[in-house]
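User: I have a protein model open and I'd like to learn how to read it. Could you walk me through it, feature by feature?
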Amino acid sequence: MTAARLHSLRELSNLGSLGRLTFDTFLPDGGGLPESLRFNLRTVYDLSLEFAQAPKGWLILLGGYGCGKTHLAAAIANYCITMGGQALFVVVPDLLDHLRAAYAPNSAGGIDERLDAIRDAPLLILDDLGAHNGTPWAQEKLFQILNHRYNSRLPTVVTTNQRLEDLDPRVTSRLVDPDLSQVYEIVAPDFRQSGASRSGGLSTLSLHSDQTFDSFSLRAADLAAEERENLRRALGTARAFAEKPGGWLVLIGTFGCGKTHLAAAVANQQVAAGRPTPMFVVVPDLLDHLRATFSPSSTTTLDKLFEQVRSTGLLILDDLGTESATPWAREKLFQLLNYRYAARLPTVITTSDPIDQIDPRLRTRMLDTTRCTVFVIAAPSYRSGDASPAGKRTTRRTDKVTR
């Protein structure tokens, strides 16, 4: 590669402002993340470092805003340059601006020269693929770059917060080629926000601050023996989950039986232990927030809000089943929970629906005993007016725990 081309690449990279983004300054344990998220982040850190030490093939990093993918991509570039190699790090919208500038009358180089320099870079790192204006011209230039590097098997790193199926199909087919690419999704939440601020006004955990395990009543005075035992077991199950959140905990029971209190207690236990603040949200409220992003006055997008919810460290979904069961609502809930199921993210769900009345796609995941505990609370509502003395009620054992 000529000296002029190398100079052009250095100017386009603008890595000077990103010089601080190295492997040494990255937090692979996430600073207080749950164990499942730490494992995910540590794995992608190790994968990125291994790639930097011997760039070969393609590395595709997926994830939401602020999850660390840009830091790792820049760390790869900085590592290679420190070791005497050559790397071009460029944000995709900036890359396209650089190419468009070649059409200016005072341009120092033509479009073909600039395109060749990018296509043949020893190591190309494209940050934020999908963030550009998807005009036919832009799509064609990106395809030309990536197709050339694909055919030439040139080392390439790509980061994106888009779903791969939403990108140009020609590009996606090359990104996912298992003979060339390693694709890894980072599920860690935004590093730039604290746990409390990530959920904005969506989480209502502050309204449940008094609902702790210590304040939970086993209602010894008004429950039959089997109901008291069932409630005691529910409390123990929730406590065990709170100590080491992992997989899903599904609490099923009638309105007012205590399932929301236990779910909130799980969240409050995390706060008391100094862990990241969980997101606690009532399902109908969640759907209202998602719908509100379609308003012209909305300050956020559907994709960004949805990403915040689905990738949060610990999610508590209260009152599943009370939402408006439109096809759109069912699909969004399935997308959310299917993602968390696949990523093994800790989740607590409460519902008054019997398990056989839940969306079959969700039910099959809830009944996976390797990832989910389902507990049926047999106690009646705390607020029930027809509660009779324990000695006068006939009960049957209905609790069921699966793991």
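Analyst: Sure, and let's begin with pockets. A pocket is an open set of grid points with protein on both sides within 12 Å along at least five of seven lines, and its volume is the space filled by probe spheres set on the points. Keep in mind that this is a predicted model. Here the largest pocket holds about 670 Å³ of space.

User: Which elements give two or more residues to the lining of the largest pocket?
Analyst: Those are strand 1 (58-63), helix 12 (302-310) and helix 13 (327-343). Helix 12 supplies the largest share of the lining, six residues.

User: How many residues line the largest pocket, and which lie nearest its centre?
Analyst: The lining has 24 residues, and Asn161, Gln162, Arg163, Glu307 and Arg310 are the ones nearest the centre. By residue type, the lining splits into nine charged, eight polar and seven nonpolar.

User: Let's stay with helix 12. Which of its residues are buried?
Analyst: A general idea helps with helices: an α-helix has 3.6 residues a turn, so residues three or four places apart point the same way. In helix 12 the buried residues are Leu302, Leu305, Phe306, Glu307, Val309 and Arg310. Glu307 and Arg310 also came up among the residues nearest the pocket centre.

User: What do the buried residues of helix 12 pack against?
Analyst: They pack against strand 5 (181-186), strand 7 (279-282), helix 11 (283-292), strand 8 (315-320) and helix 13.

User: Zooming out, how many helices and strands does the protein have?
Analyst: The count is 14 helices and 11 strands. Of the 403 residues, 50% are buried. For the fold as a whole, look at how far apart in sequence the contacting residues are: among contacts between residues at least 6 apart, 80% join residues at least 24 apart.

User: Can you show me that kind of long-range link? Where is Pro346 found, and is it buried or exposed?
Analyst: Pro346 sits in the loop between helix 13 and strand 9 (347-351). Pro346 counts as buried because its relative accessible area is 1%, and the cut-off for buried is under 20%. Pro346 and Phe241 are 105 residues apart in sequence, yet their C-alpha atoms are 9.3 Å apart in space.

User: And Thr347, what does it touch?
Analyst: Thr347 belongs to strand 9 and is buried, with a relative accessible area of 0%. Leaving aside neighbours within four places in sequence, Thr347 contacts Phe241, Gly247, Trp248, Leu249, Leu314, Leu315, Leu337 and Arg340. With Arg340 there is also a side-chain to side-chain polar contact of 2.8 Å.

User: Which residues does Arg371 touch?
Analyst: Find Arg371 in the loop between helix 14 (360-366) and strand 10 (372-376). Not counting residues up to four places away in sequence, Arg371 touches Gly247, Trp248, Tyr341, Ala342 and Arg344. A polar atom of the Arg371 side chain lies 2.6 Å from the backbone oxygen of Tyr341. The C-alpha atoms of Arg371 and Gly246 are 7.9 Å apart, with their positions 125 residues apart along the chain.

User: What about Thr370, buried or exposed?
Analyst: Thr370 is in that loop too, between helix 14 and strand 10. Thr370 counts as exposed because its relative accessible area is 63%, and exposed starts over 50%. The side chain of Thr370 makes a 2.6 Å polar contact with the side chain of Asp368.

User: I'd also like to check the backbone. What is the phi of Arg153?
Analyst: For this check, look for positive phi in residues other than glycine. Arg153 has such a value, near 55°, and lies in the loop between helix 6 (136-152) and strand 4 (156-160). Arg219 has a positive phi too, about 55°, and its place is in the loop between helix 8 (195-198) and helix 9 (225-243). For accessibility, Arg153 is partly exposed at 39%, whereas Arg219 is buried at 7%.

User: Last one: how many disulfides are there?
Analyst: For a disulfide you need a pair of cysteine sulfur atoms within 2.5 Å. A search of the whole structure finds zero. As for individual cysteines, Cys80 is buried at 7% relative accessibility, and Cys372 is buried at 0%.

Notes
Residues numbered from 1 in each chain as written. Predicted model: local features only at pLDDT ≥ 70, side-chain atom pairs only at ≥ 80, totals over all residues. Heavy atoms only, no water. Helix = DSSP H or I, 4+ residues; strand = E, 2+ residues; numbered from the N terminus. Contact = heavy atoms within 4.5 Å. Polar contact = N/O pair within 3.5 Å; in protein donor to acceptor, adjacent residues only side chain to side chain. Buried < 20%, exposed > 50% of the residue type's maximum accessible area, 1.4 Å probe, protein only. 1 Å grid on protein atoms, 1.4 Å probe; cavity = no way out; pocket = protein on both sides within 12 Å on 5 of 7 lines; lining within 4 Å. Nonpolar A, V, L, I, M, F, W, Y, C, P; charged D, E, K, R; others polar.
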